[in-house]
Number of protein chains: 2
Amino acid sequence: MKSAHLLPRIAGFAALCLATAAAASIPPPPSAVDRAQNDDIAWKITEDLTTEIGPRMAGTEAEAAARKWAVERLKAMGFQNVRDEPFAMPTWVRGEEEASLIGPFHTQPLAVTALGNSGSTGAKGLVGDVAYFASYDDFLAAPDHYIKGKIVFIDHQMAPAQDGSGYGQYGRARFTGPNAAAKRGAIAVIIRSIGTDSHRNPHTGNTNFEAGVAPIPAAAISNPDADQLVRQWRRAQSIRTKETPLGYTPAPLRMKLLLTPRNLGQQQSGNVIADVPGSDPAASPVVVACHLDSWDLGTGAIDDAAGCGIVTAAAKHVMTAGQPRRTIRILWAGAEEVGVHGGRAYFAAHGNQKHAVALESDFGADRVWRVDFKLPESAKSLADRIALAVAPYGVTRGSSPASGGADIGALVRAGVPAIDLRQDGTRYFDLHHTTDDTLDKVDPVQLRQNVLVWTATLAILANSSDNELP
Amino acid sequence: MKSAHLLPRIAGFAALCLATAAAASIPPPPSAVDRAQNDDIAWKITEDLTTEIGPRMAGTEAEAAARKWAVERLKAMGFQNVRDEPFAMPTWVRGEEEASLIGPFHTQPLAVTALGNSGSTGAKGLVGDVAYFASYDDFLAAPDHYIKGKIVFIDHQMAPAQDGSGYGQYGRARFTGPNAAAKRGAIAVIIRSIGTDSHRNPHTGNTNFEAGVAPIPAAAISNPDADQLVRQWRRAQSIRTKETPLGYTPAPLRMKLLLTPRNLGQQQSGNVIADVPGSDPAASPVVVACHLDSWDLGTGAIDDAAGCGIVTAAAKHVMTAGQPRRTIRILWAGAEEVGVHGGRAYFAAHGNQKHAVALESDFGADRVWRVDFKLPESAKSLADRIALAVAPYGVTRGSSPASGGADIGALVRAGVPAIDLRQDGTRYFDLHHTTDDTLDKVDPVQLRQNVLVWTATLAILANSSDNELP
């Protein structure tokens, strides 16, 4: 109306330009990225899954309820070939958990949680002396008689890092510490949580025992509890219980531990899979993954409901903007936390098919800050186009090869190209595998940035040529 | 050495001045404030008490152990008349605590903790429909049939505030909500924690039931759990279970609750008291208070080991700098959290004696930002001197009358002058009455500022004249 009103006052060329502009201003249909600008799909998936299902431990009825929910949701969103591909996996569930320091100072409870696959103390619990190790390497270096018959405590100082690089290094205390301690005669293992917060919410996570090694009780205590244990340990060391020719015997730090987890044997899990069918049935698909299961302590909002929200929102925006050339396969993997059983099951069922490229979102809901590639030489310009497309959202191009996520790990190891849209992990290990992994920790603004970056990337990948990707 | 080396080069009057300065440069003995500059007494008390005793719930063996520890520590510091003045008080202890939302959505556990004086659900727990109230005033305004037979949930949105002003207003849900709900036929009360954090560590605290009102189970859930309850409540409201002429009946939100606290009857607590004897035995004492007991969930670092550390460090610095005119009486009160029994016992035993002025530190370990007075007219210049003395540490002069702390409340109500060294409460209700009240939350730099401000204030008060204070 305003333009029309002004038009008569403007003469000649200017009026012509305005008329042309008006004709050209019929807007093009919104692109996938346009559609992602105000995304609320990722938030809705995260909110709905965590609110209506909540914790969804692999192999349990809660995970089954989540799969049912997931199939309904993905169908309702218009995806095709939505199915739950079941598989069986060994299932461990938490029991009672209590720990306390019982001497030489006043008895105090510790905030403790069993690690996945922990052995049980039995209903009566156990009592033992703590053998303190300042680091995992100290533990490895210690003579066996320091360990045998003791409750091993492995300490460390993991600090937050944007790239989450502390997890691999400090995580060894959890991944392999209990097995190593069991082989050396420890009666239990307690680790300082593999986490960077200062709340009394210990971080769980899987550990594994070799075949033939009887699982011993294995648990994490929170950072404030680990601090307390260390203070008591140091004080106990200066209490002289018996003078000896070479010095004195310090007071032992005594701990009581009760953990009654159980193994339920083989139970059913499953991968929920949905497709955006591509226009070229001969073209190999692009896989975008996340995992549907979560640890039992929190509601699995950042690990990994948000990841499922992000990849699914991106696929939906690409689909709505117009059919892509390649099929987009959405994989909500089951049983990731307890041993990547879903990723292995997907590979067993589909690893013999060709895949163009695989990506996973499984590092929280904070913003993507870097993109890394592991692509064939033929995809050099493809990588450049993606790096350009995500740069406006603050994403820099990294120089490390992409590693893929856990659930696409088998594909990537088999040679499928991968791209990592790396998220800011500064806060991630404050929350990871704790009761505090809940919806309120998800920042909607950063979640939306993820969707934008994923949509921009996926739109390019799903329309890439067969000359660029396998 | 440097001055002596330079002296020959400087002639006449200048040399004389330097010589005079050199003679005058024998430093005066350090003042109390000088001694407080690098205080580590407050930290040591806080660390030692929380490490060696930990949680110290009033009336329990842990509080008794803390009193024994306190008497030993105060004697070792050189204070006089150190004693434990015992009193009896009704004792409530926590039992099992579990809560879950069991419908209409997938069952999910809630992080829950009983409020002090809560009734028990019995060992089997109870199940009921939730009656949701967005605020305490909504609850008060609701008709009885909304409440009878229901599990009342009281919601609110308490935000952090430097002066902690949310506690009184939002705290009503805890202080009087359970009693009011019991009188109206509720089967249990759940409140959103009176806290400002987003961790799954619910905030306990006392509630009270009138004589003749049978206590019902009363508990707090954490903020993330309250958020979850509210989301489920809203979703349940839109599920149409039965159409009626006026609309529809929504699905009830079902909760299961297990709380098995017990009343142990009258148990012993006590006030630990120590004096810095003044040089004038006729002068009335200055009382500096804190409380020794803590809630059972954390180690009571900010509530209130740090307060005991602060007042005791200040008294020690004043004592070491030279005997003050007035006696400084240090009161580590017992059983504050569960009904200010220690404060009342002190008043019953000593309220008939004259007290010059009373102060308490019981609001965490963050810095003092404001000073408020409630002093007689005669103390106008005294207040000015104190305001001047604390100004260098960033403490402004407030215009509200001082209210004193809980343990000196009876004294102040009886007319004893009071000064409030108000601490920054922005973080306080993130931690208050939770498992997270642990040593790592104490900032040593801010703790030391407290000691400086308290020492500066106490040095003036303890040497004030009888014309200024009673």
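In this predicted model, strand β2 (residues 97-103) of chain A pairs with β3(A) in the antiparallel sense over three bridges; strands are DSSP runs of E with at least two residues, helices are runs of H or I with at least four, and both are numbered from the N terminus. Two strands count as paired if DSSP finds at least two bridges between them. Within this pair, A:Leu110 of β3(A) is the bridge partner of A:Ala99.

The wider setting is an open sheet of eight strands in chain A, with mixed pairing and the order β3-β2-β11-β5-β6-β7-β8-β4. At its edges stand β3 (108-110) and β4 (112-114) of chain A, each with a single partner strand, so one side of each has no neighbour in the sheet. From one strand to the next, the twist averages 30 degrees. Helix α9 (residues 223-237) of chain A packs on this sheet, touching β2, β3, β5 (126-133), β6 (151-154), β7 (188-192), β8 (218-221) and β11 (254-259) of chain A; contact means heavy atoms within 4.5 Å. The direction of α9(A) makes about 85 degrees with that of β5(A), where axes are lines fitted to C-alpha atoms (for helices over the stretch in contact) and angles run from 0 to 180 degrees between N-to-C directions.

Turning to the two copies, chain A superposes on chain B by a rotation of 180 degrees with 0.0 Å of shift along its axis (RMSD 0.0 Å), fitted by least squares on the C-alpha atoms of residues with pLDDT of at least 70 in both. The copies are thus related as by a two-fold rotation axis. They meet through the same surface, because 100% of the interface residues of chain A are also interface residues in chain B.

Residues are numbered from 1 along each chain as its sequence is written, while chains are lettered from A and ligands numbered from 1 in the order in which they are written. Local features need pLDDT of at least 70, side-chain atom pairs count only at pLDDT 80 or more, and totals for chains, interfaces and linings use all residues, while side-chain values use heavy atoms, leaving out hydrogens and water.
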